[in-house]
Number of protein chains: 2
Amino acid sequence: MARTLDDVAAASGVSRATVSRVINGGPVAETTRRRVLDVLEETGFRPNRAARTLASGRSGVVGVVLHVDPHLLFGDRYFSQLLQGISDVLAERSTGMMLWLGHRTREETLDRILSMSLDGVIVTAHNIRDTLVDGLLDSRLPTVLIGHRGADRAASFVDIDNVTAADIATSHLVSIGRRRIGHVTGARGTFSAEDRVTGYRNALRRAGLPPDELIVDGDYTESAGEAGAAELVERGVDAVFCANDLAARGALRALHERGLHVPEDVALAGFDDLDFAAHLHPPLTTVRQSIRQQGAEAAESLLHVLADPGGGPRRVILPTELVVRRSTAGGVPRN
Amino acid sequence: MARTLDDVAAASGVSRATVSRVINGGPVAETTRRRVLDVLEETGFRPNRAARTLASGRSGVVGVVLHVDPHLLFGDRYFSQLLQGISDVLAERSTGMMLWLGHRTREETLDRILSMSLDGVIVTAHNIRDTLVDGLLDSRLPTVLIGHRGADRAASFVDIDNVTAADIATSHLVSIGRRRIGHVTGARGTFSAEDRVTGYRNALRRAGLPPDELIVDGDYTESAGEAGAAELVERGVDAVFCANDLAARGALRALHERGLHVPEDVALAGFDDLDFAAHLHPPLTTVRQSIRQQGAEAAESLLHVLADPGGGPRRVILPTELVVRRSTAGGVPRN
DNA sequence: TTGTACGCGTTATCAT
DNA sequence: ATGATAACGCGTACAA
């Protein structure tokens, strides 16, 4: 049982350096290469990762930091999808993956991440102020953001165009004849929520509708959607655009409880196209984004940056798609 | 900027060994300790993980292997919950976490895991035959299983009692007067699915009902639930117990499409108590299990084993709870 | 093409 | 209580 390079070297009758070259692809004579490979094979030798990292400075491991509120972690399948996308790409390239799910303090987390000899890191950047993201960007660690803030223009990131997507969704509500279109926002303080508000406003303004009257603050949760819709119904709306599907599900319940029909009385639209969206009653119109693809692209970007450190940042904006379902079926509202 | 122990040592006027003792808690005079701590503080020194691992043989990192079919990964929030539970405990104890999501070949995965200098590993053991799990158990790596097979009695694991839980759910259907109770199984070849079948059979047998006539194979997916329920309706049933909530949701759709009312015509029960279960029409009776807690317990067990290597395996069976909702509301079936 | 020898940054064992 | 110093296992200039 060869446990070190020296063991393999001894068993093959060569030096440790030669064994290393065989493993890592240096110049080796074909005959010696075969001899060493045989020994490697039959002993099932595995290089020691720590020693390799120490000597080379590269670990072959990247970090993934999902630094968000626990209720978002729980709320939907955002994270399974994101991780799946990331994992697919990393596994393909034999790159390891360390994971931090976030609710610890930012300083503590940052310290632990930076002490891990990682080659790079992928981090969610949803919050406008986020000292963990700041710390990562300030560090030497190659970093790719998922989502991005205005100040992150020099960084690599993967994102969608929330402004345009929300604009399109809202314009769709306008196009089916709705005039009093409410919006339940996502968590204020996240860029995605603010951008969706902006898109919503842009669409209303272009349609000649007042852009600020029917906005209710939410936080991406189902209960916020429920409360927000209730509030909007009080003010009088014929359509509600929720910043995500989860909130839309809550809104739907609030509407039903008040005896309102969707879409006849109030049209409803969400954002994400989670799997339950198509199964609601009625099926929910929503903006589809591929979380999995965002994860995959983030991993691609990081590997890209690692392979070409001087290549500058890599910025990717992924497409979204408005999926029209019965919750915004055409026709003028009844009331 | 002190980057190594030697830098700190020089700045503090002591030897590298003393600095190491300060960091790791050896015997150091109080005055020197304070002096070194000051330097540590102001330089923001971070020990090199790889060097530490190489020298000590411990990495402070454990592996988490979710080695399952991709559609299960996607199907529900099993993995967010499990990871959250694991992560909570590991973060608490400053233990790192490497992640493998599984669809690569088992040999490849095993090799990569074993080369990572991990202190231990948590792995899902859902499939009856699983060479990855076998390989992990055969290796020297301290391992904790989530779920377990009959042959794993010598290993540490966290699981629920699927047989009893399914028995209780089925007995509940019997208790509300149902006589033709069908079962849509989970993925054959997983222990959870087989155990739930066993529990279902036990309950029927005890009630004097034929235990084998109304079983349809599924695979834990929504579409399998839909197809399974359709099949069972053909054969004539007044109740359906699905091996998980996702399948139950599919079954519900199949029943609705055939104009059957739940629970009046057919009572319906699931397993898991995913968040949508309470929101179905009607709300779904199901067996609640806390996936998050399973993750947390698995992490606790692993840390326990690591702290006390000679302590033998640690086996945990977590409780489940039958949650009765309207889908099995009492009364005799209409037909 | 192959081997020698040093360095990577810690931990841990001895002396002192 | 503190300081040398030898591992830990591998990568890699440099020499041969």
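Good morning. I begin with a single residue: Gly44(A), which follows directly after helix 3 of chain A, takes a positive phi of about 60°. Please bear in mind throughout that the model is predicted.

Let us step back to helix 3 itself. Does its length agree with what its residue count leads us to expect? Let me put that as a calculation. Helix 3 of chain A covers residues 30–43, which is 14 residues, and at 1.5 Å a residue it should span 20 Å. The end C-alpha atoms are 20 Å apart, so the expected and the computed spans agree.

I turn now to the two protein chains. In the contact between them, 31 residues of chain A meet 31 residues of chain B. On the chain A side, the elements that contribute two or more residues are helix 4 (49–56), helix 5 (70–75), helix 6 (78–92), strand 2 (96–101) and helix 7 (106–114). Which of these gives the largest share? That is helix 6 of chain A, with six residues. Sorted by class, this side of chain A holds 16 nonpolar, ten polar and five charged residues.

How are the two chains related? In general, two copies of a chain are related by a rotation about an axis and a shift along it. Here, a turn of 180° with a shift of 0.0 Å along the axis lays chain A on chain B with an RMSD of 0.1 Å. This is therefore the relation of a two-fold axis. Both copies use the same surface, as 97% of the contact residues of chain A recur in chain B.

Next, the DNA. There are 26 residues around DNA strand C, and those that come nearest are Ala29(A), Leu5(B), Asn48(B), Ala51(B) and Ala55(B). Helix 2 (16–24) and helix 4 of chain A, together with helix 2 (16–24) and helix 4 (49–56) of chain B, each supply at least two residues of the surface near this strand. By class, that surface has 14 nonpolar, eight polar and four charged residues.

Finally, I consider one helix pair within chain B. The axes of helix 6 (residues 78–92) and helix 13 (residues 291–307) of chain B come within 7 Å and cross at roughly 35°. The crossing of these two helices of chain B is right-handed. Among the residues that make the contact are Tyr78(B), Leu82(B) and Ile86(B) from helix 6, and Ile291(B), Gly295(B) and Ala299(B) from helix 13. The residues of this contact divide into ten nonpolar, six polar and three charged.

Thank you for your attention.

Technical notes. Residues numbered from 1 in each chain as written. Chains lettered and ligands numbered in written order. Predicted model: local features only at pLDDT ≥ 70, side-chain atom pairs only at ≥ 80, totals over all residues. Contact = placed C-beta atoms within 7 Å. Helix = DSSP H or I, 4+ residues; strand = E, 2+ residues; numbered from the N terminus. Nonpolar A, V, L, I, M, F, W, Y, C, P; charged D, E, K, R; others polar. Least-squares fit on C-alpha atoms with pLDDT ≥ 70 in both. Expected span 1.5 Å × (residues − 1). Near = placed C-beta within 6 Å. Axes fitted to C-alpha atoms, helices over the stretch in contact; angles between N-to-C directions. Left-handed = near helix turned anticlockwise from the far one by under 90°.
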